[in-house]
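Biologist: Please pick one residue in this model, look closely at its surroundings, and then show me how the rest of the fold is put together. Keep it friendly, as I'm only in my first year.

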Amino acid sequence: MTEVRFTHIGGPTVLIEFAGWRLLTDPTFDPPGRTYAFGWGTSSRKLTGPALLPDDVGPVDAVLLTHDHHADNLDDAGRAMLAGAGTVVTTWAGARRLSGAVRGLRAEQGLGVVRGLRAGHTTRLEAPGRPPIDVTATPCRHGPPFSRPVTGAVVGFALTWPGQHHGPLWITGDTVLYPAVRKTAAALRPGTVLLHLGGVRFPLTGPARYTMTAADALDLCDTIRPHTVHPVHYEGWQHFREGPEALTAKLESAASAEHGKAFTWLPHGTAHLTVV
């Protein structure tokens, strides 16, 4: 079995540490107060800042970036961190956008590269004295049907390595619950899930949702029965419609169900130990 330390920094940003590895998801470190455009007339204001600053986090071996084109998943301070990461794994489209900029920042440092993945494709992270990690991109649709040309490419990540006790670690990424996600979850059978929630909506697009809700989370986990679910990316921005209070109430209402027991809220800024 592997003991993994998860440190929730805020939003989708989590430091994952085990067996000598230090991985960071979707780096967001800007202070609160600014309004960011998300394209096609949508925008959102950041309400809370990170629990840790980049200097507090320290060096990381890899950044797992679900997408690069929305500031609630990669902001200015997070983007500045990419040059110091050994490897950046992201979408195929994101890699094309980032590779030139990151190469320029790294030109005199000789650091790693940006790797772009499409859903279903895998890359391997390796380092001496550490277990190899296979990182497989999983499908996401960051909005209603036919929204992908507008919302852009997004992926989640399934992480597997030798010695996992409960199954793969799955980072869902920003997605609604749709057939490809269900199919992937059923095939993957993850033991631990970093579940992006929040029920994102924008006034301009009315009832259309862009991420999973608490009801979606319960539906999904009722099917795959993971050992541990850590909700992330549900607070700190105006565009989230289900914050921690609403999510907690809905999850507690399902406390009698077995899958409800899997949900564990990560404290902000403090490492939480999970057996994976």
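Modeller: Let's settle one word before we start: two residues are in contact when they have heavy atoms within 4.5 Å. This is a predicted model, so local features need pLDDT of at least 70 and side-chain atom pairs count only at pLDDT 80 or more, while totals for chains, interfaces and linings use all residues. Numbering starts from 1 along each chain as its sequence is written, and side-chain values use heavy atoms, with hydrogens and water left out.

Our residue is Asn-73, and its home is the loop between strand 6 (62-64) and helix 2 (76-81). Helices (H or I, at least four residues) and strands (E, at least two) are DSSP runs, numbered from the N terminus. Is Asn-73 buried or exposed? Asn-73 counts as buried because its relative accessibility is 0%; the cut-offs are under 20% relative accessible area for buried, over 50% for exposed and partly exposed in between, using a 1.4 Å probe and protein chains only.

So who is around Asn-73? Not counting residues up to four places away in sequence, Asn-73 touches residues including Pro-12, Thr-28, Asp-174, His-196 and His-233. The Asn-73 side chain also makes polar contacts with two other side chains: Asp-26 at 2.8 Å and His-67 at 3.2 Å. A polar contact is a pair of N or O atoms within 3.5 Å; within protein, one must be able to donate a hydrogen and the other to accept it, and residues adjacent in sequence count only if both atoms are side-chain atoms.

Now zoom out. Strand 6 belongs to an open, mixed sheet of seven strands, ordered 8-7-6-3-2-1-15. Strand 8 (114-117) and strand 15 (272-275) are at the edges with a single partner strand each, so one side of each has no neighbour in the sheet. Strands pair if DSSP finds at least two bridges between them. Strand 2 (residues 13-18) and strand 3 (residues 21-25) do this in the antiparallel sense, over four bridges; here, Glu-17 has Arg-22 of strand 3 as its bridge partner.

That brings us to charges. Side chains of opposite charge can pair when their charged atoms come close. In a salt bridge, a side-chain nitrogen of Lys or Arg is within 4 Å of a carboxyl oxygen of Asp or Glu, and this rule gives a count of ten. One of them joins Arg-5 and Glu-17, with the closest N and O atoms 3.5 Å apart. Arg-5 is in strand 1 and Glu-17 in strand 2, twelve residues apart. Arg-5 counts as partly exposed at 42% relative accessibility, while Glu-17 is buried at 16%. Together with Arg-22, Arg-5 and Glu-17 are linked in a salt-bridge network.

Finally, the greasy side. A nonpolar core is a set of buried Ala, Val, Leu, Ile, Met, Phe, Trp, Tyr and Cys residues joined through side-chain atoms within 4.5 Å. The largest one has 26 residues, and Phe-6, Ile-16, Leu-23, Ile-133 and Leu-159 touch the most other members. Strands supplying at least two residues each to this core include strand 1 (3-10), strand 2, strand 3 and strand 6. Leu-23, leaving aside neighbours within four places in sequence, is in contact with residues including Val-14, Ala-62, Leu-64 and Leu-125.
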